[in-house]
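This short report introduces a structure to a reader who meets it here for the first time. Please keep the sequence and the structure in view while reading.

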Amino acid sequence: MSALIFRAFVAITLVLSPVLACAQGMRAVARVNDDAITDFELNQRIVFAVRSAGMQDSPDMHQRLSAQILRQMIDEKLQIQHAKGLGVAVTESEINQRVAEVERGAGMARGQFRQYVQSIGVPYDVAVQQMQAGLAWAKIVRRRVRPQVEVSDAEIDDALSRIRTNVGKTESRVAEIFVPIDKVEQADDAKRSADRVVEQLKRGAPFAALAQQFSQGATAQSGGDLGWILPGSLDPALDAALDKLPLRQASDPIRTPAGFHILFAIDRRQFASARPDDVRLNLVQLTLALPVNASPEETSRATAEAQKAMTATRQCNDLHAQARQLKGATAGDLTGVRAGDLAANRQMYEEIPRLAPGGTAGPFRVAEGLQIVSLCGKEGTSGLPTRDVISQQILLQKLEAAGRRYMREMRRVATIEIKKS
């Protein structure tokens, strides 16, 4: 252990020791049905939120964030309780996958997120519990809310008609931090919470980090990224603010009937100018299982089989037949894959979008083994989104609104007691 790492380890230990020492005297600051939230747990979450978001850490900041973080923890407790009641479980592999996504998004190496959390003086379990609640809630929404939400052809037609009228206009890629107002009497508290976020943004805290910790919108886990937004797509108050917002700057809190929104203009471009990364690809993918530690002989044998399958492929659906003939091979359809999303594998990104329909590329080395990919078709080359993409956008908007209503009902029927300081 290097002297630097050792000193860091000692510093973290000294920071945590007094807190751990008094853990036996933990006081409940809230009770959610039959579960308590202790002052120790609340303090750990505040430390995690402040330090991971790059905020100025001080006793005053802890005091100011206490009520806001406690409300988030109460919601998370309700989500986990409700998930258990529905028999919804979050697996260790799902947690690991979410951690891997965070690491990729932050440019971290594998396993570095755990080290980072511990380096800021927070037990790794604190971060995991927050992820568990988010994953559980996503499953609840899919099971209980999604079946009640439909997108009609008329809605898609109307959206497509509005989109065509916007050809040539400027669209903005926008990120958002959302602080909801569930009851009228909570409006002042919500405004104070939003003002604190803006204050930290002005002090240089990263927008995406603050969104992940404090936004209660559906895009929080992705740093608040709403994607590309056309004029007229948002609430009129948000549209008006976005139109005047300079690039790479955040807005002041904007009030809508749902709550307060802080917008950040990431980028701007002319709408419907075709961009290669935005083209949607319909693919068939064949995977030949191959362990990560495969020997050169195993790799050579699998590569020969993959190349033979490619030679026998004349159209994309031929890969399904090839998979049935190869031991240990599987095939599946991938619809609407955004070309830019292939960038994580440079070889795929460079070769697959250039294929003509029916063409095949590979083999590509991936974690699962060797992959062959055949292109069935392309959509969106005109720059206009496809009907499937529009349908998904409308669905996500409806799901977020329906999810907020479902969460309000969960709070209404729950027994929630917040202890006085």
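## A buried aromatic pair

In this predicted model, both F113 and Y124 are buried. The rings of these two residues form an aromatic pair with an edge-to-face arrangement, in which the centres are 6.3 Å apart and the planes stand at 65° to each other. Because F113 belongs to helix α5, which covers residues 112-119, and Y124 belongs to helix α6, which covers residues 124-145, the pair ties together parts that are eleven residues apart in sequence.

The ring of Y124 also has a charged neighbour, since the charged end of R114 sits over this ring at 3.9 Å from its centre.

## A pair between helices α6 and α14

The structure holds three aromatic pairs, and another of them is formed by W137 and Y406, which are tilted, with 6.0 Å from centre to centre and 45° between the planes. W137 lies in helix α6, whereas Y406 lies in helix α14 (residues 387-413), so this pair ties together parts that are 269 residues apart in sequence.

Are the two partners buried or exposed? W137 has a relative accessible area of 16% and Y406 one of 19%; because buried means under 20% relative accessible area, W137 counts as buried, and Y406 counts as buried too.

## A charge over a tryptophan ring

A charged end over a ring is also found at W228, where the charged end of R269 sits over the ring, 3.9 Å from its centre.

## The four-stranded sheet

Four strands make up an open sheet with antiparallel pairing, and their order is β8-β7-β10-β9. Strands β8 (residues 329-338) and β9 (residues 360-366) are the edges of this sheet, each of them pairing on one side only. From one strand to the next, the twist averages 25°.

How many bridges join strand β7 to β8? Strand β7, which spans residues 280-289, is joined to β8 by eight bridges, and the two strands run antiparallel. As one point to look for in the model, T287 has T330 in β8 as its bridge partner.

## A helix across the sheet

Helix α11, made up of residues 296-311, lies across three strands of the sheet, namely β7, β9 and β10, the last of which covers residues 369-379. With respect to the edge strand β9, helix α11 runs at an angle of about 160°.

Notes. Residues are numbered from 1 along each chain as its sequence is written. This is a predicted model: local features need pLDDT of at least 70, side-chain atom pairs count only at pLDDT 80 or more; totals for chains, interfaces and linings use all residues. Side-chain values use heavy atoms; hydrogens and water are left out. Two strands pair if DSSP finds at least two bridges between them. Axes are lines fitted to C-alpha atoms, for helices over the stretch in contact, and angles run from 0 to 180 degrees between N-to-C directions. Contact means heavy atoms within 4.5 Å. Rings of Phe, Tyr and Trp (its six-membered ring) pair if their centres lie within 6.5 Å; planes under 30 degrees apart count as stacked, over 60 as edge-to-face and the rest as tilted. Buried means under 20% relative accessible area, exposed over 50%, partly exposed in between (1.4 Å probe, protein chains only). A charge sits over a ring if NZ of Lys or CZ of Arg is within 6 Å of the ring centre and within 35 degrees of the ring normal.
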